[in-house]
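User: Please take a close look at a single strand of this protein chain and at what surrounds it. I would like one connected account, with the cut-offs behind each term stated.

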Amino acid sequence: MQKISIIIPTLNEEKYLTHLLESIKKQSIAPKEIIVVDALSQDKTKEIALAYGCKVLDDIKKKGPGAGRNKGARIAILGKNGCGKCYG
């Protein structure tokens, strides 16, 4: 069976993140990991992600969702060694 990593770039997504993570939990194939790349949210996005067992990365450069996905993919491939600040 293939293992997949789900990468979610976020910025102040507390309103939507719980619903997304609950939906992911209901899928027939469980992901190997969920990586949330957070662009320094000012709400509870990071706390929600950690409560669901996600790996959380700080995207301090805030270069947009594409850069966040690329950073998450790098972590999925290289592990925590490719990460500056990793939580979870």
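Analyst: Throughout, buried means under 20% relative accessible area, exposed means over 50%, and partly exposed lies in between, with a 1.4 Å probe and protein chains only. Helices (H or I, at least four residues) and strands (E, at least two) are DSSP runs, numbered from the N terminus. This is a predicted model, in which local features need pLDDT of at least 70 and side-chain atom pairs count only at pLDDT 80 or more, while totals for chains, interfaces and linings use all residues. Residues are numbered from 1 along each chain as its sequence is written, and side-chain values use heavy atoms, with hydrogens and water left out.

The part chosen is strand β2, residues 33-38, and since 6 of its 6 residues are buried, it is largely enclosed by the rest of the structure. Glu 33, Ile 35 and Val 37 point one way from β2, whereas Ile 34, Val 36 and Asp 38 point the other way, and the residues of both sets are buried. As for the setting, the protein chain comprises 3 helices and 4 strands, which follow one another from the N terminus as β-α-β-α-β-α-β. Of its 88 residues, 32% count as buried.

Two strands are said to pair if DSSP finds at least two bridges between them. On that basis β2 pairs in the parallel sense with strand β1, residues 5-10, over 6 bridges, and within this pairing Thr 10 of the partner stands opposite Asp 38 in β2. The chain passes from β1 to β2 by way of helix α1, residues 14-25, in a right-handed β-α-β crossover; right-handed here means that, with the strands pointing away from the viewer, the path from the first strand over the helix to the second runs clockwise. Strand β3, residues 55-58, also runs parallel to β2, to which 4 bridges join it, and Leu 57 in β3 is the bridge partner of Val 37. Between β2 and β3 the chain goes through helix α2, residues 45-51, and this β-α-β crossover is right-handed as well.

Charged side chains come next, where a salt bridge is a side-chain nitrogen of Lys or Arg within 4 Å of a carboxyl oxygen of Asp or Glu. By this rule there are 3 salt bridges, and one of them involves β2 itself, with the side chains of Glu 33 and Lys 55 meeting at 2.6 Å, N to O. This pair links distant parts of the chain, as Glu 33 lies in strand β2 and Lys 55 in strand β3, 22 residues apart. Glu 33 counts as buried at 10% relative accessibility, while Lys 55, at 22%, is partly exposed.

A salt bridge also forms between Asp 58 and Lys 46, whose closest N and O atoms are 2.9 Å apart; here too distant parts of the chain are linked, Asp 58 being in strand β3 and Lys 46 in helix α2, 12 residues apart. Asp 58 is buried, with 6% relative accessibility, and Lys 46 is partly exposed at 25%. Within helix α1, Glu 22 and Lys 25 meet in a salt bridge of 3.7 Å, N to O, and because they are 3 residues apart in that helix, about one helical turn separates them.

Just beyond the strand, the loop between β2 and α2 holds Asp 43. Asp 43 is buried yet has no salt bridge, and the nearest side chain of opposite charge, that of Lys 44, is 9.6 Å away; in this reckoning Lys and Arg count as positive and Asp and Glu as negative, with His and the chain ends not counted. A polar contact is a pair of N or O atoms within 3.5 Å; within protein, one must be able to donate a hydrogen and the other to accept it, and residues adjacent in sequence count only if both atoms are side-chain atoms. Such a contact, of 2.6 Å, joins the side chains of Asp 43 and Thr 45, and a polar atom of the Asp 43 side chain lies 3.1 Å from the backbone nitrogen of Glu 14. If contact means heavy atoms within 4.5 Å, then Asp 43, leaving aside its neighbours within four places in sequence, is in contact with Asn 12, Glu 13 and Glu 14.
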